[in-house]
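Biologist: I should like to learn how the features of a protein model are read. Could we take them one at a time, with the general idea before the case?

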Amino acid sequence: MRGLWFLATIGLAAAEDGLNGWLRYARLPCDIAKQATVPVTIVALNTTESSPVYTAGQELQKGIRGILGKTLDVMHEATEGPAVIVGTIGTFNSSSTIPQLEEDGFWLSTRGDAVEIIGQNERGALYGAFEYLSMLAQANFTEVAYATDPSAAIRWVNQWDNMDGTIERGYAGLSIFFKDNATLSNTTRVEQYARLLASIRVNGIVINNVNANAILLSDDNMAGLGKIADAMRPWGVKLGISLNFASPQTFGGLDSFDPLDETVVAWWNSTTDKLYTHVPDLAGFLVKANSEGQPGPITYNRTLSDGANMFARAVKPHGGIVMFRAFVYDYQTLNESNWKDDRANAAVDFFRDLDGKFDDNVVVQVKYGPIDFQVREPTSPLFAHLKQTASAIELQVAQEYLGQQCHLVYLPPLWKTVLNFDLRVDGEKSVVGTDILSGKRFSRKGLTGYAAVVNVGQNTTWLGSHLAMSNLYAYGRIAWDPTSDEVTILEDWTRLTFGLDDTVRETITRMSMASWPAYENYTGNLGIQTLADITGPHYGPNPQSMDNNPWGQWTRADAYSIGMDRTVSNGTGYAGQYPDEVAARYETVETTPDELLLWFHHVPYTHVLKNGKTVIQHFYDAHYAGAETAATFPQQWAKLQGLMDQQRFEETAFRLTYQAGHAIVWRDSINQFYHNISGIADAQDRVGNHPWRIEAETMDLRGYKVTAVTPFEVASGLQIVQTVDNSTAASVSTTLNFPRGTYDVAVAYYDLYEGNATYELFLNDASLGTWDGDNENRLGYTLTRGIDGHSATRITFPKVAIAEGDVLRVETQPNGRETAPLDYIAVLPEGVVD
């Protein structure tokens with residue numbers, strides 16, 4: 001094959017729903033496709049239909065037909081002529097000099113007339129086939145010859161699917177695996193998901209919630225697991241399951257679940273053997289124990305290693321492994337008034353003394369930070385303490401605390417802050433991604449790696465949002481090679497998902513790379529955590545929910561100061577859990593990076609940062625800057641109309657517009673809260689001062705009443721209006737006092753579920769537009785019945801001609817629980833974000 005990277009502007013495409021993700025195999029323009037040279041035959045060196053090599057042959061045929069419009073025959077024996085040959089190193093005679101491959105690795109050569117795709121095993125061969133198709137789909141016709149191996153053996157995804165079909169922290173509909181406490185018989189979506197996972201070299205999946213339901217172990221469900229495994233096996237994706245530690249008692253009828261009780265051990269051994277009769281290649285178990293109310297070995301004064309080893313010995317004869325979560329902490333008795341209490345200490349405190357006491361097929365699964373998937377956390381120090389125990393990092397593709405797929409947040413830059421971090425264990429280079437998770441640093445190679453909480457659902461976009469799929473794609477790429485460049489990954493995903501147009505690629509790359517810094521800015525910065533409602537949906541703003549409870553995500557904010565003192569000298573001692581070099585860096589304010597200042601130190605609001613601003617002024621400025629960045633997203637996206645199919649364009653435009661409005665909700669709520677608690681004014685006089693707004697409670701009301709909200713800061717003027725009952729039409733109106741001009745008119749309201757209120761905006765007596773309170777049908781965030789930071793939203797009507805004395809009126813019809821709540825109307829000159 002010979003050629004160059006070709007870039008093209010392609011014409012309008014048919015509507016797409018996202019089901020194929022980045023595996024669209026869209027036809028290249030004729031002038032580009034004709035420059036590709038491919039052999040006329042595909043040779044897949046396996047005839048067994050459940051074989052990944054057989055699957056690779058079928059996928060190559062499908063992909064080449066879609067991309068180039070050429071239909072190649074698939075054969076299963078070598079031929080004399082040029083061919084695309086795919087197989088394992090044991091079945092293939094190559095004239096090339098192939099480097100020694102590691103498990104799942106592959107060799108790809110496009111030199112000469114033939115294409116060679118050779119895997120160390122069958123999975124590797126399939127991965128190589130997807131790599132070749134990815135090159136073709138991106139019009140990359142260059143000659144290549146290289147081998148690539150995975151950085152780590154474990155590259156799994158976790159689903160938090162419940163047996164009733166719901167998904168904990170899922171934002172894309174119901175489960176593709178379960179319904180009504182049973183496995184689904186239709187495995188079409190399961191196979192499609194496995195195909196996507198294989199294309200990014202994910203080799204394992206745990207399909208049920210870590211808060212596991214023991215009913216999964218029923219005979220019927222075990223048979224169902226067998227069917228799910230059958231659907232995934234051709235794609236090289238092994239099935240695993242989460243277990244409930246108390247199953248012998250709650251499901252098996254025993255009077256105990258003590259891991260050292262011989263009857264309990266026998267029950268688990270028998271149950272495991274039965275599982276393997278249905279799923280002979282079961283990858284193993286994932287266990288959450290003694291965490292957030294889940295049962296575990298500590299119930300019987302046993303150690304966590306006692307519990308993990310019980311499962312490890314049950315799966316060992318079958319070649320299985322146990323992923324044992326390090327997410328163990330006390331959520332009931334932590335006391336914020338005790339200066340030494342700190343949830344962040346928990347993982348190391350629980351696991352440090354157990355290093356070396358786990359069986360050799362146990363992997364401790366460690367969240368990337370010590371709390372819980374926050375917008376920024378320091379790297380978990382536990383990785384430095386597991387020198388004799390295999391470990392895997394737990395990332396989260398599902399944006400639990402990061403906008404729940406309703407906000408564009410490209411996650412790899414966040415992940416790289418952890419993967420690129422050097423823990424300096426014993427004074428030696430100990431980079432998390434390349435040294436520790438690879439198994440090289442502590443000689444654990446072969447049983448280390450990655451797990452990501454993904455939580456796809458039945459929505460055709462898989463994650464609820466087209467753009468959120470970049471995070472799943474990037475996860476697989478980074479788990480294979482943690483040194484992969486996040487921009488390059490993003491550009492590859494964009495070309496595969498939306499085509500080769502330069503403007504599309506540049507725009508999506510620019511927005512995505514700005515998205516995590518923007519989200520951090522308008523939610524929680526300086527290491528204070530996300531400031532979401534941690535006792536509720538983990539979605540909208542509620543900074544006061546962080547404190548005064550035993551959940552341990554404290555900010556310790558008072559009228560004068562803020563932040564957690566985690567120093568050894570005066571605080572919780574958390575900084576001392578790191579190796580000496582890192583601990584010394586975090587011990588002092590002067591050497592702690594500002595982006596983690598409030599994670600490690602309790603300082604006055606007036607403390608001056610390295611950038612010369614006070615903490616409180618940085619808060620104000622950052623929240624405004626983040627919202628201003630989010631405001632550009634729908635504007636940038638609008639320029640892509642006509643460069644992709646209309647369905648995906650419109651669905652994404654809606655979410656980006658929503659994000660721009662919700663970013664303002666976040667900005668105002670956080671700034672208002674800390675302005676209120678600190679009493680320190682914004683140097684730019686923005687906080688609490690909105691000259692372009694008319695508060696709803698100041699308008700002429702018909703059928704409305706003024707009410708307070710909880711938390712107070714989610715209302716612009718600390719009050720809102722809602723209809724006096726759930727059925728009577730109502731309205732608000734106001735006479736405008738703005739000079740003649742063209743304005744954007746934004747209406748801030750609250751969209752609750754269990755009701756769809758209707759709204760219509762009038763200027764004088766002319767209708768500007770109507771809308772429904774139906775975000776619950778269009779967005780996937782965790783639903784709320786309250787008038788709060790989750791339900792707060794805005795709709796904007798652009799370029800409205802307004803003159804002084806005009807009357808704006810909103811007419812509403814409440815419905816169900818939705819009392820058409822309104823916060824304010826903003827009349828915004830061009831270029832003003834509000």
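Modeller: Certainly; please keep in mind that this is a predicted model. Let us begin with strand S5, where Val115, Ile117 and Gly119 point one way and Glu116 and Ile118 point the other way, and all are buried.

Biologist: What does the burial of five of the five residues of strand S5 say about its surroundings?

Modeller: The cut-off for a buried residue is under 20% relative accessible area. Five of the five residues of S5 (residues 115-119) meet it, so the strand is largely enclosed by the rest of the structure.

Biologist: Which strands pair with S5, and in what sense?

Modeller: Strand S3 (residues 84-88) pairs with S5 in the parallel sense, over five bridges. In that pairing, glycine 87 is set opposite isoleucine 118 of S5. Strand S4 (residues 106-109) pairs with S5 in the antiparallel sense, over four bridges. There, phenylalanine 106 faces glycine 119 of S5.

Biologist: How many residues lie between S4 and S5 in their hairpin?

Modeller: There are five residues between the two strands, and glycine 112 in the turn has a positive phi of about 75°.

Biologist: Where do positive phi values occur in residues other than glycine?

Modeller: Two cases may be set side by side. Leucine 531 has a phi near 60° and is located in the loop between helix H14 (502-522) and strand S17 (561-562). Glutamate 754 has a phi near 70° and is located in the loop between strand S24 (741-750) and strand S25 (758-763).

Biologist: How is the accessibility of these two residues classed?

Modeller: Leucine 531 counts as buried because its relative accessibility is 0%. Glutamate 754 has a relative accessible area of 34%, so it is classed as partly exposed.

Biologist: Which peptide bond is cis?

Modeller: The bond from threonine 710 to proline 711 is cis, and its omega is near 0°. Proline 711 belongs to the loop between strand S21 (704-708) and strand S22 (719-723).

Biologist: How should I read an open sheet, and which strands stand at its edges?

Modeller: One reads the strand order, then the partners of each strand. Five strands form an open sheet here, in the order S20-S23-S28-S25-S26, with antiparallel pairing. Strand S20 (700-702) and strand S26 (766-772) are the edge strands; each has a single partner strand, so one side of each lacks a neighbour in the sheet. From one strand to the next, the twist averages 15°. Within this order, strand S23 (residues 730-735) and strand S28 (residues 807-813) run antiparallel and are joined by six bridges. Threonine 734 has leucine 808 of S28 opposite it.

Biologist: What should I look for in a helix such as H8?

Modeller: An α-helix has 3.6 residues a turn, so residues three or four places apart point the same way. Helix H8 (residues 304-315) has twelve residues and spans 17 Å from its first C-alpha to its last, close to the 16 Å expected at 1.5 Å a residue. Ten of the twelve residues are buried, and H8 is thus mostly covered. Among the buried residues of H8 are Leu304, Met310, Phe311 and Val315, as well as Ser305 and Asn309.

Biologist: How is empty space found, and how many cavities of 30 Å³ or more are there?

Modeller: Rolling a probe the size of a water molecule over the atoms shows where empty space is left. The structure contains six cavities of 30 Å³ or more. The largest cavity holds about 140 Å³ of space. It is lined by 17 residues, and those closest to its centre are Ala326, Phe327, Ala347, Gly369 and Pro370. Helix H9 (346-351) and strand S14 (362-367) are the elements that give two or more residues to this lining, and S14 gives the most, with three. Its classes are ten nonpolar, three polar and four charged residues.

Biologist: What lines the second largest pocket?

Modeller: That pocket holds about 540 Å³ of space. Its lining has 28 residues, and Glu131, Ser134, Arg201, Arg477 and Asp492 lie nearest the centre. Elements that give two or more residues to the lining include helix H3 (122-137) and helix H12 (469-480). H3 gives the most, with six residues. By class, the lining has 14 nonpolar, eight polar and six charged residues.

Key: Residues numbered from 1 in each chain as written. Predicted model: local features only at pLDDT ≥ 70, side-chain atom pairs only at ≥ 80, totals over all residues. Heavy atoms only, no water. 1 Å grid on protein atoms, 1.4 Å probe; cavity = no way out; pocket = protein on both sides within 12 Å on 5 of 7 lines; lining within 4 Å. Points joined across faces, edges and corners; volume = space filled by probe spheres on them. Nonpolar A, V, L, I, M, F, W, Y, C, P; charged D, E, K, R; others polar. Pairing = 2+ DSSP bridges. Axes fitted to C-alpha atoms, helices over the stretch in contact; angles between N-to-C directions. Expected span 1.5 Å × (residues − 1). Buried < 20%, exposed > 50% of the residue type's maximum accessible area, 1.4 Å probe, protein only.
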